[in-house]
Every structure is written in structure tokens, then in C-alpha cells.
Amino acid sequence: MAAHQLTLSVPGTPAAANAARHKVMTAIRGWDVAFDAKALDTAELVVSELITNAVQHAANGPATVSVALDGSVLSVEVCDANRALPRPGLPGAGEESGRGLFLVAAMADRYGAEPTPTGKRSWAEITVIDAAADLALSATRPPLQRS
């Protein structure tokens with residue numbers, strides 16, 4: 001079970017998507033974990049893109065975003081009521097949108113989308129803790145006492 005997690009409902013508006021991204025990232029940064037800075041930037045991009053896609057394509061219906069840290073992996077999951085599965089693609093140079101899932105695919109360690117009984121679940125996993133930083137942090141902790 002993940003030691004750190006957050007789930008929240010996101011109304012289907014652009015302002016709500018932006019507020020949800022800020023809440024998620026504030027929570028992640030408050031988990032008192034030695035995050036790798038580059039991976040944290042990646043997490044912010046992935047969180048933002050998955051939430052934005054859900055709000056844009058779920059016909060103004062609500063979405064649910066969940067984040068959980070399990071070991072060094074941050075899982076991001078967004079569920080919405082639209083049954084159409086997203087496909088990454090690269091739009092033409094003149095198009096202003098359509099790059100979100102392409103960015104998620106490029107930045108996340110793993111990602112995917114699958115149908116659910118009520119719509120779909122889009123998810124991504126990002127390694128967010130630098131192994132060297134985690135080792136240095138664990139060296140400062142007292143060892144567990146065993147009897």
C-alpha cells in the first residue's frame with residue numbers, strides 16, 4: 001500500500017483542472033520525500049496533461065484524479081466518463097493542441113489508458129526519487145532495531 005496518496009474530484013471546467021493540478025502538486029511537495037527535481041517537473045507536466053485531457057474530452061463531466069507514491073514510483077490516475085480511449089499523436093506544426101498524450105508518453109516511465117464500466121482510466125507512472133538521494137537520506141535515519 002502506498003504511504004502517500006491523494007484523491008480528488010475535478011469538476012469539468014478549465015479553472016477546476018488548473019486548481020486540481022495545483023492541489024495535487026502542493027500535496028506531493030508536502031509529502032516530506034526527497035524527490036528528484038527533474039522527475040518532479042515531469043510529474044507536474046503529466047498531472048497537468050492527464051487532468052486537462054479528462055476535462056476537455058469528458059463533455060464537461062467530472063473527473064477523478066488520484067496520485068500515490070509507492071517506493072520511488074509516483075502513480076497518477078485520472079478517471080472520467082468518456083469511453084473513448086486517448087491515442088498519442090503528434091499534430092501538425094500549426095495546430096495549437098493535441099500534444100498532451102504525446103508528452104505524457106515521452107516523459108512518463110509507463111503510461112496507459114483502459115476502459116472502465118463508467119468511462120476510462122488514464123494513468124502514468126514516474127520514478128520520482130533519485131536512488132542516490134534516497135540512499136543519502138536513508139543513511140541519516142537511525143537503523144531499525146531488531147530483537
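Which residue in strand 5 is the bridge partner of R110? The tour comes to that pair after a few notes on the model.

The model is predicted: local features need pLDDT of at least 70, side-chain atom pairs count only at pLDDT 80 or more, and totals for chains, interfaces and linings use all residues. Residues are numbered from 1 along each chain as its sequence is written, and side-chain values use heavy atoms, with hydrogens and water left out.

**Stop 1: the sheet.** Select the five strands (strands are DSSP runs of E, at least two residues, and helices are runs of H or I, at least four, numbered from the N terminus). They form an open antiparallel sheet in the order 1-2-3-5-4; two strands pair if DSSP finds at least two bridges between them. Strand 1 (4-10) and strand 4 (110-116) are the edge strands, each pairing on one side only.

**Stop 2: strands 4 and 5.** Now select residues 119-127, which are strand 5. Seven bridges join strand 5 to strand 4, and the two run antiparallel. The partner of R110 in strand 5 is E125.

**Stop 3: the helices.** Select residues 14-29, helix 1, which lies across strand 1, strand 2 (63-70) and strand 3 (73-80). Helix 1 runs at about 170° to strand 1 (axes are lines fitted to C-alpha atoms, for helices over the stretch in contact, and angles run from 0 to 180 degrees between N-to-C directions; contact means heavy atoms within 4.5 Å). Next, select residues 37-57: this is helix 2, which packs on the sheet and touches strand 1, strand 2, strand 3 and strand 5. The direction of helix 2 makes about 175° with that of strand 5.
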